Amino acid sequence: MEIKGSVALVTGGDDGIGEAVAKFFAKRGAKVVIVGRAQKHIDRVVKEIKDACGAVIGVQADVTSEADTAKFIRATLVAFGKLNIAVTCAGIIHDGTMLTLDKVTGKVSHKLSLDKWQSVIDVDLTGTFLTLRDAAEAMVNGGWEGLLVPIASVNKVGQVGQMNYSSAKVADALMPKIIIGEFLMRGIRNIRCVGIAPGYTRTSMLTGMNQDALKAILADVHLGRLVEPDEIAAMIGHCVENGALNATTIEITGGLCYPSGIAK
Amino acid sequence: MKHFTYNDMAFAIDKTGNGWTIARQLPDGALAVVGAELFQDMPDHEAVARAQTLVRTIYPVGIKIVGPDVTHPNRVGDLKIVGPDVNHPNFICWNKDSTSFAK
């Protein structure tokens with residue numbers, strides 16, 4: 001599939017990896033739909049793409065809401081008449097271990113709250129499901145060639161302190177295999193699905209963190225630096241253009257290893 | 001440039017080089033871009049209609065919460081009494097209790 005002339009929808013397109021993906025597609029001649037939570041951020045990205053002569057709309061939406069998902073899919077079709085690419089970059093983290101012990105008594109002093117669990121599952125898993133489901137519905141009904149791109153994470157392997165996030169991301173990473181299996185079963189041949197599992201990426205979430213902690217993370221990255229959002233975007237662009245990539249999730253980590261030296 | 005107001009928001013639609021730009025007026029008077037390079041090669045009247053449809057889609061009408069009118073004179077202590085506007089065309093006089101609803 002060619003990027004130029006296609007229509008790409010990017011959730012979480014108002015910041016971080018999603019912003020880079022949206023701008024990557026716009027720069028290469030795709031029409032872009034920015035979906036985000038913060039209207040101020042959406043306005044900024046939409047203006048920057050407009051100033052670069054890109055075709056774009058911005059839609060404020062909550063990816064956990066079916067009504068909002070229906071809204072941004074419909075807005076896509078009203079604005080551009082079709083949908084070819086859906087990238088689910090919307091995601092949050094609420095880290096914490098399942099149990100925290102009191103250092104003196106050794107008893108449990110704190111449990112991971114249901115709110116912290118559910119909010120991450122809602123955005124990172126349910127939001128991805130709703131976006132892919134409704135995007136696929138539009139693509140099937142419209143008869144357009146399509147690519148679904150769930151954004152997982154290298155921490156799908158199970159990261160300490162991220163029980164909620166890792167659980168959601170491992171499920172996101174499985175989606176391409178399930179979706180394409182179902183598409184084959186249903187005779188849907190015009191849509192592919194390729195997941196992307198980024199490693200530690202230069203987004204505001206990481207650059208704003210404790211610099212010593214960041215240095216410790218980078219010590220385990222063979223590349224010796226954070227992955228750039230543009231590098232993730234370029235990988236997704238390759239997935240669009242390479243029709244043989246399908247039913248899999250690709251890791252792009254710069255060679256992230258466990259401290260023991262085994263690649264994650 | 002065409003202007004219209006929808007759901008208490010002011011919008012402007014402008015034909016630019018390769019298509020249409022829709023802008024939304026912010027509270028400080030500045031304009032924020034809703035969409036750009038839209039409806040290319042579409043006749044003007046169709047593009048304007050499509051722009052209005054797009055605005056209604058992106059900004060659906062919800063429930064507008066209007067706070068209590070604390071200056072209204074009809075008060076009993078802290079309780080404000082506001083009678084129904086029986087002349088309003090949407091006013092319905094319902095004189096049956098719920099037990100009479102059809103099962």
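## Exercises on salt bridges, helix packing and cysteines

A:Lys47 counts as partly exposed, at 45% relative accessibility. This residue opens the exercises below, which work with a predicted model.

**Exercise 1.** Find how A:Asp51 and A:Lys47 are connected, and how far apart they lie along helix H2 of chain A.

*Solution.* Begin with the side chains: A:Asp51 forms a salt bridge with A:Lys47, and the closest N and O atoms are 2.7 Å apart, which is inside the 4 Å cut-off for such a pair. Next, consider the positions in the helix: because the two residues are four apart in helix H2 of chain A, about one helical turn separates them. Finally, look at the surroundings of the partner, where A:Asp51 counts as partly exposed at 47% relative accessibility.

**Exercise 2.** Decide whether A:Asp43 and B:Arg24 are buried or exposed, and state which elements their salt bridge joins.

*Solution.* The side chains of A:Asp43 and B:Arg24 meet in a salt bridge with an N to O distance of 2.9 Å. This pair crosses between chains, running from helix H2 (residues 39-51) of chain A, which holds A:Asp43, to strand E3 (residues 20-25) of chain B, which holds B:Arg24. As for accessibility, both A:Asp43 and B:Arg24 are buried. Over all chains, the count comes to 13 salt bridges.

**Exercise 3.** Work out how helix H3 of chain A and helix H1 of chain B are oriented to each other, and which residues meet.

*Solution.* The axes of H3 (residues 66-80) of chain A and H1 (residues 44-58) of chain B come within 9 Å and cross at roughly 170 degrees. Angles over 145 degrees count as roughly antiparallel, and H3(A) and H1(B) are therefore roughly antiparallel to each other. On the side of H3(A), the residues in contact include A:Lys71, A:Arg74 and A:Leu77, while those of H1(B) include B:Arg50, B:Leu54 and B:Ile58. The residues of this contact divide into six nonpolar, two polar and three charged.

**Exercise 4.** State how many disulfides the structure holds, and examine what surrounds A:Cys89.

*Solution.* Over all chains, the structure holds zero disulfides. For A:Cys89, the closest cysteine sulfur belongs to A:Cys239 and lies 12 Å away, which is too far for a bond, since a disulfide requires sulfur atoms within 2.5 Å. Accessibility completes the description: A:Cys89 counts as buried at 16% relative accessibility, whereas A:Cys53 is exposed, with a relative accessible area of 59%.

Key:
Residues are numbered from 1 along each chain as its sequence is written. Chains are lettered from A and ligands numbered from 1 in the order in which they are written. This is a predicted model: local features need pLDDT of at least 70, side-chain atom pairs count only at pLDDT 80 or more; totals for chains, interfaces and linings use all residues. Side-chain values use heavy atoms; hydrogens and water are left out. Axes are lines fitted to C-alpha atoms, for helices over the stretch in contact, and angles run from 0 to 180 degrees between N-to-C directions. Angles under 35 degrees count as roughly parallel, over 145 as roughly antiparallel, 65 to 115 as roughly perpendicular and the rest as oblique. Contact means heavy atoms within 4.5 Å. Ala, Val, Leu, Ile, Met, Phe, Trp, Tyr, Cys and Pro count as nonpolar, Asp, Glu, Lys and Arg as charged, and the others, Gly among them, as polar. Buried means under 20% relative accessible area, exposed over 50%, partly exposed in between (1.4 Å probe, protein chains only).
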